[in-house]
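Biologist: I am new to this structure and would be grateful for a close look at the enclosed space inside it. Please describe what surrounds that space, and then place it beside other parts of the chain.

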Amino acid sequence: MSKATTKTIEIGGKTISIETGRLARQADGAVVVKMGDTMILATAVSAREAKEDVDFMPLTVDYQEKFAAVGRIPGSFHKREAKLSDYEVLVSRIVDRALRPLFPENYHADTQVMLQLISSDKNLNPDCLVGLAASAALMVSDIPFNGPISEVRIARINGEFVLNPYIDQLANADMDLIVAGTEHDLNMVEGECSEVSELDMLAALKIAHEAIKLQCKAQWELCEMLGGRKPAREYKHERSDDTLAAHIREFAYDKIMAIAKGALGKNERSEAFKAVRKEYINQFYPEGSETAHDKFLLNKYFHDVEYDAVRAMILNDKMRLDGRKLDEVRPIWSEVSYLPAAHGSAVFTRGETQSLTTVTLGTKLDEQLLDAPMNAGYAKFLLHYNFPSFSTGEVKPNRGPGRREIGHGNLALRGLKRILPPLSESPYTIRIVSDILESNGSSSMATVCAGSLALMDAGIKIKGAVSGVAMGLISDESTGKYAILTDILGDEDHLGDMDFKVVGTAKGITACQMDIKINGLKWEMVEEALKQANAGRLHIMNEMNKTISKANDDYKPHAPRIETIIIDKDFIGAVIGPGGKVIQGIQKDTGATISITEVGNTGVVEVAATNGDSMRRAVDIIKGITAVPVVGEEYVGKVKTIVDFGAFVEYLPGKDGLLHISEVSWNRLPSMEGVLQVGEEIKVKLIEIDKKTGKVKLSHKVLLPRPPRPENKPEGTSSENNA
């Protein structure tokens, strides 16, 4: 048996162990992290050499859940694990975002971190362990990595903060965050809340960071148990030319700074930067000597000049690329009901970022089936985010949603789902689709704003308008200067140190996502960013309220109406009928869509229709089938057969009662001839149910005015004699 080394720690009352040396020994680094029955195998492998002229960190993080980990066989046709689910992609992203800033800037070798859920406690979300596992695998390898980092889940449950809570506890959580960081700083936050305050958010982050420090310390101690951390491998992945760098800076810095201060639009600014580069090439590499200049280094050093100039302008002059103040939001315009055939729609434009968003209302039959080891069941609220290449003026093949689109869509979904009405008030399956038509920063926040507008346009009674804003940071560690930016542009995100997205209502935060690219983020910076984000969110919300401030009173005429009927479990079979004959007949005759779900001792019948008459007819039929006859109740029945002594009337679907000839009229009828017709509707009252036979007796005459009694006549006379 391979010799294993194990380090054990206690977090939130739960024991976590990190083991290395037993599994996957040919990887550069491998660990198994265990908490309860949950086990994650993490491996890290990095190529020995970088590809030529790569100027970024080609890191891939893949998280995959094995169905065997929860004792299940995959439900797919192939009966094996397929491509990563959206949930697995989202978990991969949170690890990637936490790890990426910790690799050396000049390390460019292909690196892959693989995380596999190999055993699972079904009541524990494994995503609270993946950051620890990934970092530990890197720490026991020789891959250059400025870690460790770690990650925890923190939730506020019934007013108390809980670290790495169990799944069944999260039903009572009003705050649910995944937080990652180093021993000194936070560098990633992802989560959702029920309209919590900025101070409560800050308190949660501080508690989470204390747990992260303990997990980082444990990784150092694991390395010591192995004889110390391995020396990082030697590498040289960047070519350099200090003379060329200095020459380009001298030529271009002032020109780039002037363009940056020109408050140009995105495309104009980009073209102006390219013009400076072209001017340099034309001047120092005349026609005929194009091959003499090094395109890779030229692009790299011009990018460095742009990076330094823009950051210096913001820090020293408090100016931004489009001329705004640091806390100023770009101009906003919005419109609802732009698409007449959609159930709800909105266009939201902020500066050069635009979202066209639709809301579609569906029934239970439209729910999404989730089939993953730790994420099985159904989803009634869907949000899909699309980012076509034309939104940035580019040409790219459309290959379906990538990881970025899945992540942005999930953030917007988190921000909106907590303000939806309860299912008892709105039983719809809701799908929101955001198509980004223009993009220059913070398109996920435009999706949130457009989604809120579209929901109100669709008539969904949300708790309140939701807006979102992306905050940025420019900092200089050497001078201590920093600037927090509200509503960042794409270039400010690319050239900046932080992307902190905050979503919420007027009452508080509903979702957030933070990525930090630097070390040294102080708590006062986080507090200031949250405070500035609050002002930005409220400004955006006020602009949205000018378009629509509350949900429309009714759904669109062509939107489905849904009515829910709770029936006794014993009636489910009667509504469905043998082979589905009854329910299919109701749908065919009325045009309504019907679904039935068994919940405990009841059946939940959902009836959907776009026509009010169809809805009423379907509901009446179902209520008739499931109604229990009650003595004294009045019914509108249909004459089924006529006999000498009366008529049999179907007073409820499938239920007949006898309307005796004596109960048809107050007048004495000699026969039933000509009194009623088969198929005729007649109002009746149920007057008796025989306890032994269950036979029902009906009356029509009791619903008619009783004729006056004959006046008293002299003794010995009668109406017959008078006649």
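Modeller: The residues lining the largest cavity are Glu19, Thr20, Gly21, Arg22, Leu23, Ala30, Val31 and Val32. The model is a predicted one, and it holds one cavity of 30 Å³ or more. The volume of the largest cavity is about 30 Å³. By character, its lining comprises four nonpolar, two polar and two charged residues. Two strands, S2 (14-20) and S3 (29-35), each contribute at least two residues to the lining. Strand S3 provides the largest share, namely three residues.

A residue of strand S1 may be considered next. Thr8 belongs to strand S1, which covers residues 5-11. Its relative accessible area is 46%, so Thr8 is classed as partly exposed. When residues up to four places away in sequence are not counted, Thr8 touches Thr15, Ile16 and Ser17. Thr8 and Met35 are separated by 27 residues in sequence, and their C-alpha atoms lie 9.9 Å apart in space.

A residue with another degree of exposure is Asp457, in helix H8 (residues 443-457). The relative accessibility of Asp457 is 1%; because the limit for a buried residue is under 20%, Asp457 counts as buried. Apart from neighbours within four places in sequence, Asp457 is in contact with Val336, Ser337, His343, Gly344, Ser345, Ile548, Asn552 and Lys556.

Further along the chain there is an open sheet of three strands, ordered S22-S24-S23 and paired in the antiparallel sense. Its edge strands are S22 (561-568) and S23 (593-599), each of which pairs on one side only. From one strand to the next, the twist of this sheet averages 20°. Seven bridges connect S23 with strand S24 (residues 602-609) in antiparallel pairing, and within this pair Thr597 stands opposite Val604 in S24. Helix H13 (residues 612-626) lies across S22, S23 and S24, and it runs at about 0° to S22.

The final part to describe is a closed barrel of five strands, which runs S25-S26-S27-S29-S28 with mixed pairing. Here the twist averages 55° from one strand to the next. Strand S26 (residues 646-652) pairs with strand S27 (residues 655-660) in the antiparallel sense over six bridges; the bridge partner of Val649 in S27 is Gly657. Strand S25 (residues 634-643) and strand S28 (residues 681-689) also run antiparallel and are joined by five bridges, with Val636 opposite Lys683 in S28. Strand S28 is in turn joined by four bridges to strand S29 (residues 696-699), again in antiparallel fashion. In that pair, Ile689 has Val696 of S29 as its bridge partner. S28 and S29 form a hairpin with six residues between them, and Gly694 in the turn has a positive phi of about 75°.

To return to the request, the enclosed space is lined by residues including Glu19, Arg22 and Val32, and strand S3 gives the largest share of that lining.

Definitions and conventions
Residues are numbered from 1 along each chain as its sequence is written. This is a predicted model: local features need pLDDT of at least 70, side-chain atom pairs count only at pLDDT 80 or more; totals for chains, interfaces and linings use all residues. Side-chain values use heavy atoms; hydrogens and water are left out. Two strands pair if DSSP finds at least two bridges between them. Axes are lines fitted to C-alpha atoms, for helices over the stretch in contact, and angles run from 0 to 180 degrees between N-to-C directions. On a 1 Å grid over the protein atoms alone, a cavity is a set of points where a 1.4 Å probe fits but cannot get out, and a pocket is an open set with protein on both sides within 12 Å along at least five of seven lines; lining residues have an atom within 4 Å of a point. Grid points are joined across faces, edges and corners, and a volume is the space filled by probe spheres set on the points. Ala, Val, Leu, Ile, Met, Phe, Trp, Tyr, Cys and Pro count as nonpolar, Asp, Glu, Lys and Arg as charged, and the others, Gly among them, as polar. Buried means under 20% relative accessible area, exposed over 50%, partly exposed in between (1.4 Å probe, protein chains only). Contact means heavy atoms within 4.5 Å.
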